[in-house]
Structures are given as structure tokens and as C-alpha cells.
Amino acid sequence: KEKKARRSGMAARPIEGKAMGAMGAMGGEGERDGGEGKDNGDEGVVGMDVEKKVVGAAEAKHEIPEGHPSELDAQNYPHTIEIRKDKITARYAGKGNHTNDFGTVRTDKPVPSGVNIYYFEVEIVNAGSRGSIVIGFSTKDFLLTRQAGTERDSVGYRGDDGKKYKDVSVGQNYGPFFGTGDIIGCGISVYTNSVFYTKNGRSLGTAFESVRGVLYPSISLHSPDEMIRINLGERDFEYDINGHRADEKAKYDFKVMNTSVDEARLAPLIREFLAHSGYSRSLRSFDLVRGFEEKEQKMLDKTRQLLGGSDVKSSRNLLSTPTRVKTKKKSSSAKRVKPSHSSSAANSERPGSAKKARDNSKDRSPSTKVSVKSKKIEEKGNPELRLADRRKIYEMIVSGHIKDAKLCIKEHFPKAMDMKLEFALDCQQFIEFMREGEVDKAIEYARSNLSHMHSLLTDKQKALLGHVMGMLAYEDLKNSPVANLLSLDERQELAVTINSCIMVSLGESATSRLELLLKQLQAVKDEERKCNNGMGPPFVVS
């Protein structure tokens with residue numbers, strides 16, 4: 001009677017989710033009352049199942065994501081373990097006299113690879129005679145008759161001594177003891193490769209670090225009548241795991257955002273990307289709005305000389321508000337002076353050219369100056385080489401004028417026009433004819449430009465050609481299996497590819513330094529994830 005009274009008091013504790021644990025404990029204790037553990041065990045389990053149905057109806061149910069552990073592995077477990085029909089409750093049915101007769105039960109699936117933090121909870125329905133329950137993780141090859149944490153590639157937190165175990169038989173002090181009615185949570189963080197625990201909704205802190213591998217949530221039992229019930233997310237957790245996830249992400253983001261980067265190195269990367277990709281207008285705007293320190297300093301020096309040493313705060317002000325020098329109307333030399341252009345005119349060696357420069361600069365915006373500079377740079381050879389021509393070709397392709405783009409490439413970049421590039425352009429031209437409903441023109445174009453290439457094509461190109469020619473089989477192309485060919489993204493991708501080919505023909509890299517930097521970052525993150533056995537979501541630049 002005293003035991004039942006204590007259990008009733010436990011069930012009345014205002015801790016959410018523990019009513020089930022207390023009622024389950026009553027069923028479990030029924031197995032031990034009077035020392036008739038095995039004889040009365042079935043009755044206790046039946047009582048627990050009935051009570052679970054009643055209480056479980058009031059519990060919040062959640063759908064476990066596909067690929068996540070959803071139940072205990074009912075196919076592989078030692079003979080000392082009994083797994084109930086619900087497949088989330090397990091009981092130790094052995095004697096627990098030796099170190100090699102532990103009963104370890106694990107989940108049906110390992111920790112999913114697409115999450116940064118994985119967490120589960122275990123309700124101690126009955127602590128048994130000794131309470132030697134261990135909660136943690138283990139690999140698929142772990143020997144299930146051993147205690148989690150005492151064998152290689154496993155970790156565990158034990159209830160009767162409060163110690164943590166990792167690959168050793170002797171534990172280290174970690175947290176409080178736990179027993180009947182307690183809810184122990186266990187989680188692993190990909191951010192730090194660490195394992196942490198919680199007790200009754202309160203964090204116990206990090207227990208293990210450098211934990212890697214394909215891991216399964218695991219519980220080891222070792223004294224008669226021990227019983228646990230696992231929560232893999234189908235019910236509300238006692239611990240605020242969503243808040244924990246948010247905190248961990250905030251810490252990681254803070255560390256990333258506070259990593260110092262030399263902005264002087266970032267700006268040239270952006271500028272080179274704009275030039276390499278052919279974004280001429282964006283490049284001019286970038287130069288005008290941001291500017292480089294060296295360019296600003298030179299402009300300031302020239303302006304000071306022109307204005308007789310007057311104080312000029314910023315060259316950007318000169319670009320937006322030209323300074324005017326007031327002179328008499330009759331003076332032939334009286335001209336409006338724009339400091340951003342007049343310095344080059346003043347230093348000109350030929351008077352005639354100075355006048356011409358002034359006349360041309362009357363309506364010239366600052367962006368014109370940048371394009372002139374770009375033209376000078378283009379002559380030296382760099383990513384800005386032939387920027388205007390490349391941009392023109394890019395815009396032709398994106399707007400669907402493939403014939404014009406093809407002629408322009410042959411005229412300005414003949415070295416870039418190889419069979420591979422010509423094949424890609426001809427396929428796109430065929431698509432453009434089909435887009436406009438000009439089927440006869442498409443067929444005639446294919447006969448004239450694509451049929452003679454067939455024997456020279458690679459298997460990949462032949463597959464593409466077959467996909468493109470498949471457009472002839474459908475009347476409603478927009479709702480056909482080849483509808484993706486009509487996407488404007490196809491034009492965009494072709495334009496980028498052709499720009500890369502042109503850059504290679506000019507002796508430049510096929511990709512910009514910024515793209516190479518992102519590729520290197522992607523490769524590093526992929527390798528990091530590979531070393532972590534695929535844990536954590538794939539890296540995406542957002």
C-alpha cells in the first residue's frame with residue numbers, strides 16, 4: 001500500500017508527459033511485488049498496456065519524418081530482452097549476474113544524415129532491482145550483450161552511478177543518478193560532433209566530444225524487471241529541443257559571421273566575377289558606387305591640383321556633383337570643368353586633342369569614363385577582355401537570337417567556335433524554331449546543320465540530340481516530357497557555357513576566381529560531411 005501511495009504521488013507531479021511513466025511504473029512494479037517477478041510479469045504488462053491506451057489518447061501525436069528511427073529493432077535483440085507489441089517498450093528478462101549478459105536494444109534505423117541535431121528521450125518505466133540502465137548511441141556492429149559505452153564506437157550514460165562511458169569499461173563522473181519515473185534525453189550535434197543529455201527537461205550539458213559514425217539510439221538494461229519506453233518524436237519531448245537547436249545554430253552562425261575577412265580581397269573577387277561573366281553595366285555601377293581606395297586617392301590628388309589645393313572630402317561627391325568654375329562669358333577658354341575628366345584633358349600633349357576631349361565630355365556621364373578605362377584594360381588582356389562583345393553575345397542567346405549570336409562568335413571569337421559549341425548552338429536554334437511553332441523550319445534546319453554531325457558526336461551529345469528531336473513528337477510542348485527544353489534557364493545555361501568557352505579561347509580561366517572559391521568551399525564541406533559519415537544536411541550557399 002505504501003508503494004502504491006508513493007506511485008500515486010509521483011503520477012501527480014506537475015511535469016508534463018510523466019503521467020504515463022508513473023502508470024507504467026505501477027504495471028512494472030506489479031511484476032516485482034511479493035518477489036514474483038516472472039509469475040506476475042504478464043499481468044503487470046497487460047495492466048500497463050491498458051493504462052497506456054487510456055493515457056496515450058490525451059498525448060500529442062506527431063508524425064516521424066521518413067528515414068528517421070521510428071521504433072525499436074524487433075528483429076535483432078538479445079534473448080534477455082522482451083520488446084512489447086508497441087515496439088517502443090522493452091523489458092529486461094535476464095538475471096544480470098555477469099558483465100556479458102547485458103541486454104542492449106537499439107532503434108530500427110540510425111541517426112538520419114540530414115539533420116544537424118538529433119534527439120530522443122527514454123522514460124524509465126521501472127528501474128528494476130539495481131537501476132543499471134544505460135542510454136546512448138552505438139554502431140551497427142556493436143555487440144548487443146554488452147553495455148553501451150564499454151565497447152568501441154559506443155557511448156552511454158548510466159543510471160545507478162551517474163557516470164558516462166565511451167569505449168571504456170571504467171566510467172567518468174558526469175551527472176545525477178536516474179531511476180523510475182525519470183525521463184532521460186540524449187542528443188548528438190553535428191555542429192560540434194558532441195553528445196549531450198537531459199534529465200526531466202533540464203540539460204545536463206555535453207558528455208562526449210568527437211563522436212562520429214553511423215550511430216543508432218541504444219539502451220542497455222542489466223537488472224531484473226528494468227523497463228523503458230522510448231520516445232523518438234511521436235510524442236512531445238520533455239526537453240525544449242527546438243530551443244536547443246536554435247541556440248546551437250545561433251552559436252555556429254555567430255562564429256561564422258565573426259570570422260574576420262579582409263574586405264580589400266573581397267571586392268576584387270566580386271569585380272572580377274562581374275567582368276568574367278559579362279555583366280558590363282553592373283561592373284560600371286560597382287566601380288562608381290564603391291570605387292577602390294587607390295583610384296579614389298589618385299582622383300583626390302588630381303582634383304586638389306586642379307582646384308589649387310582645396311579640400312575635397314570624397315571623389316564620389318565629384319562623380320555625382322561636378323564642380324563648375326565661373327568665368328566671363330566672352331572668354332574662349334571658359335568651359336565647364338568636370339574634375340573627373342578635365343585632368344586627362346589638362347595633361348594632354350596636343351591642344352587639339354584637349355579641345356576634342358572637352359567637347360566629347362559635355363554630355364558624358366561618369367560611367368562613360370569607366371568604359372573608356374575598361375577598353376584600355378581590355379587591350380592588356382584580363383577578364384574584362386572584349387567585355388562589350390561578350391555581353392552582346394550573352395544577351396543575344398538569352399533573348400533567343402541564336403543565329404545572330406553564332407555569327408557574332410564566328411566574327412569576333414573564331415577560335416572559340418569548335419564543333420562542341422556549334423552543336424550546342426544548333427540544338428538551341430532548333431528549340432527556338434519549335435518554341436515559335438515553326439516545325440518545318442526546325443526540320444529543315446536540323447537536316448542542314450545537325451544531320452552531318454551525328455557520326456562525330458559523343459554518347460552524351462547523341463542523347464541530347466535525341467531529347468531535342470523528341471520535340472517533334474508532341475503537339476503541346478509545354479505539357480510534354482520535353483517541356484524543360486523551353487525553359488529560359490536553358491538559354492541562360494548555354495549563354496554561361498559559351499562565355500566560358502570564349503574566355504578559354506582568349507587565354508583566360510573558364511571560371512572566375514569567385515566561382516573557384518565557392519567550388520573549393522563546396523568540396524571542403526562535402527569532404528567534411530563524408531568524414532562525418534554523411535551526418536548533417538548538404539552544404540548550400542544561402
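## A walk from Gly94 through the sheet to the pocket

At 17% relative accessibility, Gly94 counts as buried, a class that takes in residues under 20% relative accessible area, with exposed meaning over 50% and partly exposed in between (1.4 Å probe, protein chains only). This is a predicted model, in which local features need pLDDT of at least 70 and side-chain atom pairs count only at pLDDT 80 or more, while totals for chains, interfaces and linings use all residues. Residues are numbered from 1 along each chain as its sequence is written, and side-chain values use heavy atoms, with hydrogens and water left out.

Let us stay with Gly94 for a moment. Gly94 sits in the loop that connects strand S2 (89-92) with strand S3; helices (H or I, at least four residues) and strands (E, at least two) are DSSP runs, numbered from the N terminus. Although 128 residues separate Gly94 from His222 in sequence, their C-alpha atoms are 7.5 Å apart in space.

From here we can step into the sheet. Six strands form an open sheet in the order S3-S12-S5-S6-S7-S8, with antiparallel pairing; two strands pair if DSSP finds at least two bridges between them. Strand S3 (103-106) and strand S8 (172-173) are the edge strands, each with a single partner, so one side of each has no neighbour in the sheet.

Next to S3 comes S12 (residues 216-221), joined to S3 by four bridges in antiparallel fashion. One partnership to look for is Thr104 with Ser220 of S12. How many residues of S12 are buried? Six of the six are, so S12 is largely enclosed by the rest of the structure. Tyr216, Ser218 and Ser220 are buried on one side, and Pro217, Ile219 and Leu221 are buried on the other, so to speak covering both faces of S12.

Strand S5 (residues 134-138) pairs with S12 over five bridges, again antiparallel. Here Ser138 has Tyr216 as its bridge partner in S12, and Phe137 stands opposite Pro217. Turning to S6 (residues 154-158), we find that S5 pairs with S6 in the antiparallel sense over five bridges, with Ile135 opposite Tyr157. Five of the five residues of S5 are buried, so S5 is also largely enclosed by the rest of the structure. In a regular strand the side chains alternate between the two faces of the sheet. In S5, Val134, Gly136 and Ser138 point one way while Ile135 and Phe137 point the other, and all are buried.

Which residues touch the most other members of the largest nonpolar core? They are Phe120, Ile135, Phe137, Ile188, Val195, Tyr197 and Ile219, out of 38 residues; such a core is a set of buried Ala, Val, Leu, Ile, Met, Phe, Trp, Tyr and Cys residues joined through side-chain atoms within 4.5 Å. Strand S4 (residues 117-126) gives the largest share of this core, four residues. Another core, of 19 residues, lies apart from it and includes Met434, Ala442, Leu450 and Leu465.

Helix H13 (residues 402-412) shows burial of another kind. Its buried residues are Ile402, Ala405, Lys406, Cys408 and Ile409. Viewed down the axis of H13, these fall within an arc of 165°, so they line one face of the helix; the arc is that of the directions from the helix axis to the C-beta atoms. Leu407 and Glu411, on the other side of H13, are exposed.

Now for the second largest pocket, which is lined by 35 residues, with Tyr252, Val256, Leu521, Lys525 and Phe539 nearest its centre. On a 1 Å grid over the protein atoms alone, a pocket is an open set of points where a 1.4 Å probe fits, with protein on both sides within 12 Å along at least five of seven lines, and lining residues have an atom within 4 Å of a point. Helices H4 (241-257), H5 (263-277) and H18 (513-531) are the elements giving two or more residues to this lining, and H18 provides the largest share, nine residues.

Finally, Tyr279 lies in the loop between H5 and helix H6 (280-289). Tyr279 is partly exposed, with a relative accessible area of 25%. Tyr279 and Ala388 are 109 residues apart in sequence, and 9.2 Å apart in space from C-alpha to C-alpha.
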